[in-house]
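Please walk me through this structure, beginning with how its protein chains meet and then turning to the DNA.

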2 protein chains.
Amino acid sequence: MATRSSGLSGLEGGRQVGRLAPVRRASTVDLIAERLREAVVDGSLPPGTVLGEAELAYQLGVSRGPLREAMQRLTAEGLLVIPRRRGLAVRTMTADDVRDVHWLRAQIEPELGRRILTLPAPERRTVLAELGAEVKRMQRALKKDDARALGDAYLDFHRVLAVWGGSMRLARMLGTLLIETRLCTFSMFEHFEVHRDLVPEHVAFVEALAADDGERFAALVRVHLEAEVRRLLAEPEGPGKGEADRLLAETPDEPQPLDRLDLPEGL
Amino acid sequence: MATRSSGLSGLEGGRQVGRLAPVRRASTVDLIAERLREAVVDGSLPPGTVLGEAELAYQLGVSRGPLREAMQRLTAEGLLVIPRRRGLAVRTMTADDVRDVHWLRAQIEPELGRRILTLPAPERRTVLAELGAEVKRMQRALKKDDARALGDAYLDFHRVLAVWGGSMRLARMLGTLLIETRLCTFSMFEHFEVHRDLVPEHVAFVEALAADDGERFAALVRVHLEAEVRRLLAEPEGPGKGEADRLLAETPDEPQPLDRLDLPEGL
DNA sequence: TATTGTAAGTTTGTCGACAATCTGATTATC
DNA sequence: GATAATCAGATTGTCGACAAACTTACAATA
């Protein structure tokens, strides 16, 4: 039939001869796993949900075999638990989990920021543009009081950090951590909340990166994550709050309003 | 038959009434996954090995169903790859993987050291004892020129760090990273090598922790991991080598020979 | 009345089988 | 002689089925 990907003989003429990205077909297990992740993230499978394999397999239009394989993968990611003889259950995050997830993110994300700042200028500009686009999404969502959209843009903002951070493994880990973050929200609250502080905080993130100030970015991220833990655990504003206000009030080294980042409107 | 675990009614009299640890039975999938991990770590399944499902299932004494589920879990951990219609293959680490794994460890392990130093004194002493025991294992292995035993003790040393580091997630991640480290060795060399620098380096790790010097521990770990990358990639000794020698020669703040840590001989 | 023993029903865990797909080699053709 | 087409073999991906195990409800007993 078609020539194999290794050859491409006789097709010289276009550019990038011989360097096609290998075609990657997703297996059924991949598809099921991805669908389950989506369901966990968008809340259609809240934490604690217990599901029977047969019923779920029927809904997904597959048989129990591939579904069970996908379950194992989600279990390894920490999103599902498989109680013996009880099907599967969406993991419920405890207070300890909330602290652990956010502490871990506080270790990872500042480092990602530092790595992004070492990127060559054109790529760095791309990252800033993507981050700016997500911030704009957050702003639009906030204007509409759409907590769901705000949360989604939040996740995507941090996913951008993960993707550009440079480490395959770290990107995967942070990707899972972000889903777990969403699980934390669902585990602690009944419904989404519109969280107004989120937007200025993320504007400050982008500004710090645009100003090439990795340490300020790191500090802002840490403060944000500590605040998130307090909010999720409904703890009174601790000593960190004053620190947050100070950092946000402080003029960054090189003031640069978000408009000057000329974000691509299309995204 | 037996009373359910939630009740335990009528058995007051012993101590710790009503607080038994839940019994944890491993599922078949758990068993298979663990067996496969062992095989990867001990080298009976070298990187690049391709296996047929039927043959492997027969060897393990299970049917293909549970085996395929375990495969998915190992895939999520990054130890296996599943080429389409080609069974399973043990992941082969590239030079980029070597750098990535060690870079990531360099981010994680110093932090674990810091956390261990914040532990209450009795637990901290336990950690130091366990670490010291692993170092002794390393010394014995080196004396016998047993590269395999040396490598195993090395892994267990760092596993101790992971377990006591305080974060469930981080422990799991580092556990996987350590297996990947072993895969790096197998991917780069044909056989184990006796690596003499390993023991003094780890003695220094323990000494730094015993001296309550988290920053020195962090620096030593980073230097060690950078050296490992160079060794694995067979690069000439870079600018970091001088730094390593300087750190190892330098007298720690509070000199404390390993003997004074009174290690439990039993381990 | 509280607790234990019993039994039915449901769901999982595991296995065997079938078909689609891919690989590798062989043959035919330019 | 090299390339393309064909074909047989083997293996995976998926499904259906069976038996074991667990849960829940109910009844019996102290």
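Across the interface of chain A and chain B there are 8 salt bridges, a salt bridge being a side-chain nitrogen of Lys or Arg within 4 Å of a carboxyl oxygen of Asp or Glu. One of them joins the side chains of Glu180(A) and Arg169(B), with 2.3 Å from N to O. On the side of chain A that touches chain B, helix H3 (64-76), helix H4 (95-117) and helix H7 (168-188) each supply at least two residues, and H4(A) gives the most, with 8 residues; helices here are DSSP runs of H or I, at least four residues long, numbered from the N terminus.

This is a predicted model, in which local features need pLDDT of at least 70 and side-chain atom pairs count only at pLDDT 80 or more, while totals for chains, interfaces and linings use all residues. Residues are numbered from 1 along each chain as its sequence is written, chains are lettered from A and ligands numbered from 1 in the order in which they are written, and side-chain values use heavy atoms, leaving out hydrogens and water.

Turning to DNA strand C, 16 residues surround the strand, the closest being Arg64(A), Arg68(A), Arg85(A), Thr28(B) and Ser63(B), where a residue counts as near if one of its heavy atoms lies within 4 Å. Sugar and phosphate make up 67% of the strand C atoms that come within 4 Å of the protein. A backbone N or O atom of Glu53(A) lies 2.9 Å from a phosphate oxygen of the strand, whereas an N or O atom in the side chain of Arg64(A) is 2.8 Å from a base nitrogen.

Methods. Polar contact = N/O pair within 3.5 Å; in protein donor to acceptor, adjacent residues only side chain to side chain.
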